[in-house]
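This report examines strand pairing within one chain and the contact between two chains. Please consult the structure shown below while reading.

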Amino acid sequence: MEFNVDREILLDGIQKTLGIVDRKTTMPILNNVLLRADDRGLDIVATNREIGLIARYDAQVVTKGEITLSARKLFEMIREIQEKVVHFKMNDANWVNVSCGKVSYRIPGISADEYPKVEEGEGLMFVNMKSSVLGDMISKSAFAMSTDEIRTNLNGIFFEVVEEEDGKRKFRMVATDGSRMSLVDKDTGGQELLSFGKGIIIPRRGVSEVRRLLDEGDEDVAVGVDRGMLVMKKKDTVLKVSLIDADFPDYRRVIDSIEKGTAVTLNREEFLHALRRMAVMANDKYNGVRIKVTGGKMHLDSTNPDVGEANEELDVPSLETELDVVYNVRYLIDAVDVVDDENVVFEIREGIKPGTVSPAHGENHLSIIMPLCV
Amino acid sequence: MNETVFSIRSWPQAILHVDGDAFFTTCEEAVHPELRGKPLVTGGERGIVACASYAAKRLGVKRGVPLHEAKALCPGLIVLPSDYETYSLFSRRMFGIVRRFTPQVEEYSVDEAFADLSGMRRVHHSSYETIALRVKEEIKKELGISVSVGLSITKVLAKVASKHEKPDGLTVIPGRGIPEYLRGLPVEKVWGVGPATAGYLEKIGVRTALEFARLPEKTVLRHFTKPGREIWRELRGESVYPVSTDEKSVYASISKTKTFAPPTTDPEYLFAQLLRNYESACIKARRYGLAPRRVVLFLKKNNFSFRGGEAGFNRPSAYPMEVSETLRALFAEIYEGREIYRATGAILLDLVPDRNVQYSLFEDPVKAEKVRRLYRAADVLGGRFGKHTLHLGGSHPIEVLGKGRRGEPTARQQTRFPGETARKHLALPVIHVKV
């Protein structure tokens with residue numbers, strides 16, 4: 001195997017694999033990326049057996065061949081190289097010479113035969129979706145995913161197709177950690193053709209790789225699902241993510257049980273900054289913000305015996321009700337932060353009933369937050 | 001052999017260690033004077049020797065051996081049920097006596113206390129040795145129990161001293177006298193040195209406490225981590241561990257274990273025992289306003305091997321009713337039908353303050369609040385009529401099939417009035433009249 005490749009292209013290609021290759025693995029080969037040189041150019045393949053990535057890059061191939069090398073070491077080497085073109089050459093004993101101008105490295109590889117197979121999802125039905133819209137859906141739901149490893153079914157985003165009353169189909173993403181939830185519906189294209197059955201759960205680590213792929217350029221992304229895998233193709237890159245094999249909780253029951261509350265319309269920026277000022281007092285032990293509505297004013301107050309107190313008042317002249325509820329301030333900030341509108345509608349319910357945050361106009365995007373019981 | 005001098009000053013500070021002699025049996029002897037000097041053990045309800053009196057020890061009865069073995073060794077052995085209420089009463093009074101001499105007293109365990117006597121010579125118009133002697137004499141005179149007392153300049157050395165002569169001993173190790181006491185002392189007898197450390201020390205040629213204390217600092221830094229280095233410094237007379245008077249109020253975990261008799265295979269009864277332990281642990285957690293996020297349950301087989309399992313909760317909960325399903329599933333995982341079990345235990349982990357409760361969207365908070373109120377009431381009932389007055393159906397078989405205590409109930413239990421709790425009964429002295 002021998003080829004020349006542009007340094008910039010290679011650096012970018014290796015960098016994209018660093019989130020996938022395992023650092024803590026019992027199989028040393030999973031620390032490696034597979035480099036495959038053939039007529040079409042250079043393929044860089046990475047996998048941790050849950051997420052797989054195949055990306056094709058332009059390269060000047062002298063002789064064909066394939067080898068796996070440590071992703072981390074390759075990245076460190078290429079990053080420090082200053083020249084434009086990097087030369088790779090492998091000898092018979094799986095040793096690879098990486099050279100560039102007067103610099104040369106010699107590193108051992110592991111045979112490509114031992115690398116887990118990553119298939120490109122041939123024969124699968126793909127539909128095209130708008131990258132930016134899909135990426136936006138992820139931004140608006142991902143924050144609510146659980147980080148608690150025990151609750152596997154909450155460790156990801158639930159993705160399904162829903163049919164609205166007028167018969168129109170939309171894609172829906174839902175994420176929850178049990179105490180808060182975020183839901184967003186969008187028309188990304190392709191929803192007429194693709195169905196996820198009872199829905200799929202994209203795992204947390206997969207979500208960040210998907211997002212990275214979607215952020216690269218405006219091209220549409222081709223999406224297909226097969227045997228527990230989500231396959232996404234964009235330009236010369238194929239990303240495969242193993243889905244979480246568990247049942248997502250019955251989120252509809254939560255939505256259906258939401259009663260009418262007291263709605264307050266607030267300027268998103270103002271509300272967000274007010275909440276952030278309250279969050280200064282929060283730590284792991286005390287994270288509550290008390291929201292008290294009385295006489296057309298909304299009082300925010302956050303008290304932490306270890307830190308101090310914060311107080312603020314917002315005018316809500318239209319409001320005549322009296323309310324007193326405590327929420328986790330970080331949950332509120334997360335929910336308000338992702339709202340894509342100048343104004344947010346914050347709907348409060350008295351007692352231990354969830355509060356909701358949604359944009360005043362536009363899309364169907366809803367965050368639900370359970371209050372704290374003090 | 002040149003003598004190492006660890007401390008030039010005899011009393012840079014004075015730390016006293018008071019250690020009850022065969023504490024449980026000594027308390028029994030104090031309450032039942034007719035038993036004094038007889039071979040006596042407690043632990044009748046557990047089927048093993050919890051504590052053996054010195055007379056029994058002389059006949060070869062050791063702590064932890066099954067009662068039938070102990071009886072074979074010593075046919076006239078008197079077996080008593082453990083009367084923990086009485087022991088803790090004696091314990092509290094013992095600490096009270098030590099507190100007359102200095103306010104800085106650390107209640108280390110039920111029968112052990114450390115006291116910092118530094119600077120108290122002038123107050124008591126006597127030497128440290130005399131104060132130590134007076135502590136010991138007053139405990140003996142007022143409580144009728146003997147204790148061994150060690151006086152030295154660090155906690156580790158004070159403990160070496162109290163162990164030096166037992167029972168009823170008084171050993172004083174001033175700064176200059178350290179080498180003399182450490183010379184003959186096997187290093188594994190030092191407080192904090194376990195079998196693993198001792199084994200390691202032996203490999204580097206250290207067998208006695210003196211050899212350990214004499215190791216050069218360089219060697220100690222190379223071979224040991226923080227605990228080892230601290231013990232080394234304490235042995236050399238440099239006080240590292242302070243006598244801490246703080247009462248324990250922060251818990252990393254709470255555990256409750258109970259051995260019952262006879263051993264059983266019955267899953268209903270076993271689960272009842274396990275659940276009761278869990279309920280007990282939760283009572284304690286609620287008393288401190290804490291709630292666990294994780295739980296470990298374990299079963300102890302008749303051959304003393306363990307089998308345990310762990311589960312996490314969706315949110316912290318100190319209310320057994322909310323998690324009984326999880327506990328039952330965990331029990332089903334660790335229970336093996338053919339085995340015979342003798343004890344069960346529950347450990348609450350990841351304890352967090354039980355306030356600012358974040359309920360889940362997928363549960364019914366009204367129901368959860370009801371459970372909370374229910375347990376508030378249960379705790380009030382418990383305070384009035386005894387722990388577990390209100391308990392889960394799953395732990396009820398204990399009330400029906402017995403708590404698994406064997407032997408006679410203690411005198412204290414027999415004299416309890418109807419409706420009186422063990423805690424209330426504590427305040428009453430037990431008058432024991434032999435006719």
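Along strand β20 (residues 297-304) of chain A, which side chains point to one face and are buried, and which point to the other and are not? In this predicted model, the buried face of β20(A) carries Met298(A), Leu300(A), Ser302(A) and Asn304(A). The other face holds Lys297(A), His299(A), Asp301(A) and Thr303(A), which are not buried. Such a pattern is expected because side chains in a regular strand alternate between the two faces of the sheet.

**Strand pairing in chain A and across the interface**

Strand β20(A) pairs with strand β19(A) and also with strand β21(A). The table sets out these pairings together with one that joins chain A to chain B.

| Strand | Partner | Sense | Bridges |
|---|---|---|---|
| β19 (residues 288-294) of chain A | β20(A) | antiparallel | 5 bridges |
| β20(A) | β21 (residues 308-315) of chain A | antiparallel | 8 bridges |
| β26 (residues 372-373) of chain A | β15(B) | antiparallel | 2 bridges |

Individual residues give the register of these pairings. Leu300(A), on the buried face of β20(A), stands opposite Ile291(A). Thr303(A), which points to the face that is not buried, stands opposite Glu309(A) in β21(A).

Both neighbours of β20(A) are linked to it through hairpins. Between β19(A) and β20(A) the hairpin leaves 2 residues, and Gly295(A) in that turn has a positive phi of about 55°. The hairpin of β20(A) and β21(A) has 3 residues between the strands.

**The contact between chain B and chain A**

How many residues does the contact take from chain B and from chain A? Chain B contributes 13 residues and chain A contributes 24 residues. The area buried between the two chains is about 1700 Å², and carbon and sulfur atoms give 60% of it. Of the area that chain B buries against chain A, 46% is supplied by Gln358(B), Leu361(B) and Phe362(B), more than by any other three residues.

On the side of chain B that touches chain A, β15 (357-358) and α15 (365-385) of chain B each supply at least two residues. The residues on that side divide into 6 nonpolar, 5 polar and 2 charged.

Across this interface the rule finds 0 salt bridges, whereas 6 residue pairs are in polar contact, with both residues at pLDDT 80 or more. Strand pairing also spans the two chains: β26(A) and β15(B) run antiparallel, and Cys373(A) stands opposite Val357(B) in β15(B).

How values were computed
Residues are numbered from 1 along each chain as its sequence is written. Chains are lettered from A and ligands numbered from 1 in the order in which they are written. This is a predicted model: local features need pLDDT of at least 70, side-chain atom pairs count only at pLDDT 80 or more; totals for chains, interfaces and linings use all residues. Side-chain values use heavy atoms; hydrogens and water are left out. Buried means under 20% relative accessible area, exposed over 50%, partly exposed in between (1.4 Å probe, protein chains only). Helices (H or I, at least four residues) and strands (E, at least two) are DSSP runs, numbered from the N terminus. Two strands pair if DSSP finds at least two bridges between them. Contact means heavy atoms within 4.5 Å. Buried area is the accessible area (1.4 Å probe) that two parts lose on being put together, summed over both. A salt bridge is a side-chain nitrogen of Lys or Arg within 4 Å of a carboxyl oxygen of Asp or Glu. A polar contact is a pair of N or O atoms within 3.5 Å; within protein, one must be able to donate a hydrogen and the other to accept it, and residues adjacent in sequence count only if both atoms are side-chain atoms. Ala, Val, Leu, Ile, Met, Phe, Trp, Tyr, Cys and Pro count as nonpolar, Asp, Glu, Lys and Arg as charged, and the others, Gly among them, as polar.
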